[in-house]
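Thank you all for coming; I would like to walk slowly through one structure today, taking a few residues at a time. Please have the sequence and the picture open in front of you as I speak.

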Amino acid sequence: ILFEPLEHQMIIQKLYSENETEVLYGLELLKNIDTQILVTLLHNKSVRVRLRVLEIMKTGHNHLFLADVKRCLKTERDTKVLASLIDVYGYLGEIDANDDLQRFLQNDENDIQDAAIASLMKYGGIDGILIAGKHMNELFDHHTASQKIRGLHLLRTIGIAGGYRLLREAMHSDVVALKLVAIETIGSLKIYRLLDDVYDLLDDPLYRMVAVKSLIKFGDEIRDHVIDAFLKSVSTERKSLLIKILAYMKNHRTNEFLITYINDYTLFLPLVESLSMANYLTKEKEVIEKLLQQNILNMREEEHLSQGFDPKKYPNSMVIFAEQKKKRVHGIFLILGLFYPKYLIFQAKANFFSESNDKKAFAIELLDNLLDKTFKQHVIGVLEDHKKSEPFICDNESCMSRVLIEDKYPLILKMSLIYEVGMSKDIRFQGLISSLRSSDNSLVRETAIWSYTKLREG
């Protein structure tokens, strides 16, 4: 940004203000700040100002700051600022800073020790690595998990794809905190040798989301590996997580692969949600139309099934059916956001799901004006009638069997129905519940055993 001389002078004055916010604002506005002003601000009373100044000093390689940073190392009392000073001093001084940084390896505070180790390893050349490496190894070999965690955090800070032995050990540890940091570190440093160990955790509820984030960090370099894992997987939940990883690669070939699964009932919502989160965009109307058609088809099927259950006997399951329908309506907006500007679609969605009828009407009008004629015929009518439902029909074993036996329906719905069969002692389904006592899914199996016992009592 170019300022007139008067404007520039006014901004400079902000840098001498007693108000922290004004100083920070001035620092953001000015791209080229006089060296002496920055040195002066190193002594500003605000910790946030001092940290920001050090960030600015590190954007260039100006050795004029070196002596002043060195002086501040002796006087700074704030731990965060001192750690930043150590980093900047190593960055500016390189191997010449090694001797001064060594003394911080004996500091009482872990954060200061870690800053010194990282600075020596990153900027101190071979000598720095030898000096700091000994301390890194002590952390790796320490008997406590907390010190090993420090070692892993340092690996990520330094950006060295090392520590394989510690990472492998941590991945088999019973200490949750250590294992979580190890999973994150494998992704951050792209440790390919431990890729399969991370995949194995996709089936563990405690670690699966961290494992997903770790695999996403590998990027599209592991595209074929992830697709292979997807094709071999028999678990819907695992496939849904692999879809998320693939979507974040933002690769045309990957997206083309994902779109081929739009007719898969069990994967449809995870697919649309993942593409939306990954900011996937397409200009192909045919893709959007297929997605809309499939989503609405799935919604209608679930509506039909829900009418096969008595709300008095299955109140919780009816709530789940209603939530599933809401997800399908939500999916309509996500699909439209893959083609139209997201801010407009999300504005319409926010209004549509509000309690105000006027806002709902506004949302539908906005879509009516925005959407292509092809999309309108699928969307507008569904949104206008989305709360209408068919009159209650009756319980029937066909609906119950479909939901409980077919893999495509949500696990939470299956669990609810099995539980409510037992609670209502609906003996018509005793044979079906009995067969589920040998289910491969432990949650279904255990719930079915409990429900069957209730039915026998009845």
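Let me begin with a question: is K70 buried, partly exposed or exposed? With a relative accessible area of 34%, K70 is partly exposed, and I should say at once that this value, like every other one today, is computed from a predicted model.

K70 has a charged partner, for its side chain meets that of D100 in a salt bridge, with 3.5 Å from N to O. This pair links distant parts of the chain, since K70 sits in helix α5, residues 66–75, and D100 sits in helix α7, 30 residues apart. D100 is also partly exposed, its relative accessible area being 24%. For those who are new to the subject, side chains of opposite charge can pair when their charged atoms come close.

Now please compare that with a pair inside one helix. The side chains of E55 and R52 form a salt bridge at 2.9 Å, N to O, and both residues belong to helix α4, residues 47–59, where they are three residues apart, or about one turn of the helix. E55 is partly exposed at 47% relative accessibility, and R52 counts as partly exposed at 22%.

A further salt bridge joins the side chains of K376 and D368, with 3.7 Å from N to O. Here K376 has a relative accessibility of 27% and counts as partly exposed, while D368, at 33%, counts as partly exposed as well. Elsewhere, salt bridges that share partners tie E301, R402, E406 and K408 into one network, and the structure as a whole holds 29 salt bridges.

Which charged residue, then, is buried yet has no salt bridge? That is K360, and the nearest side chain of opposite charge, which belongs to E355, is 6.2 Å away. Because a salt bridge needs the nitrogen and the carboxyl oxygen to be within 4 Å, that distance is not counted as one. K360 lies in helix α22, residues 357–370, and, if we set aside its neighbours within four places in sequence, K360 is in contact with N351, F352, F353 and S354.

Let me turn from charge to the backbone. Most residues other than glycine have a negative phi, and with that in mind I would like you to look at two loop residues. E94, in the loop between α6 (79–93) and α7 (98–102), has a positive phi, near 50°, and is partly exposed with a relative accessible area of 39%. K425, in the loop between α25 (411–424) and α26 (430–435), is not a glycine either, yet has a positive phi of about 50°; at 38% relative accessibility, K425 counts as partly exposed.

Next, the cysteines. How many disulfides does a search of the whole structure find? The search finds zero. Among the cysteines, C72 is buried with a relative accessible area of 4%, and C399 counts as buried at 7% relative accessibility.

Finally, please look at the surface, where I126, I129 and L130 make a nonpolar patch of about 310 Å². L130 is found in helix α9, residues 125–141, and is exposed, with a relative accessible area of 60%.

Conventions: Residues numbered from 1 in each chain as written. Predicted model: local features only at pLDDT ≥ 70, side-chain atom pairs only at ≥ 80, totals over all residues. Heavy atoms only, no water. Helix = DSSP H or I, 4+ residues; strand = E, 2+ residues; numbered from the N terminus. Buried < 20%, exposed > 50% of the residue type's maximum accessible area, 1.4 Å probe, protein only. Lys, Arg positive; Asp, Glu negative; His and termini not counted. Contact = heavy atoms within 4.5 Å. Patch = residues over 30% accessible without salt bridge, like charges linked within 9 Å, V, L, I, M, F, W, Y side chains within 5 Å. Areas by Shrake-Rupley, 256 points an atom, 1.4 Å probe, with all protein chains shown as cover. Disulfide = S-S within 2.5 Å.
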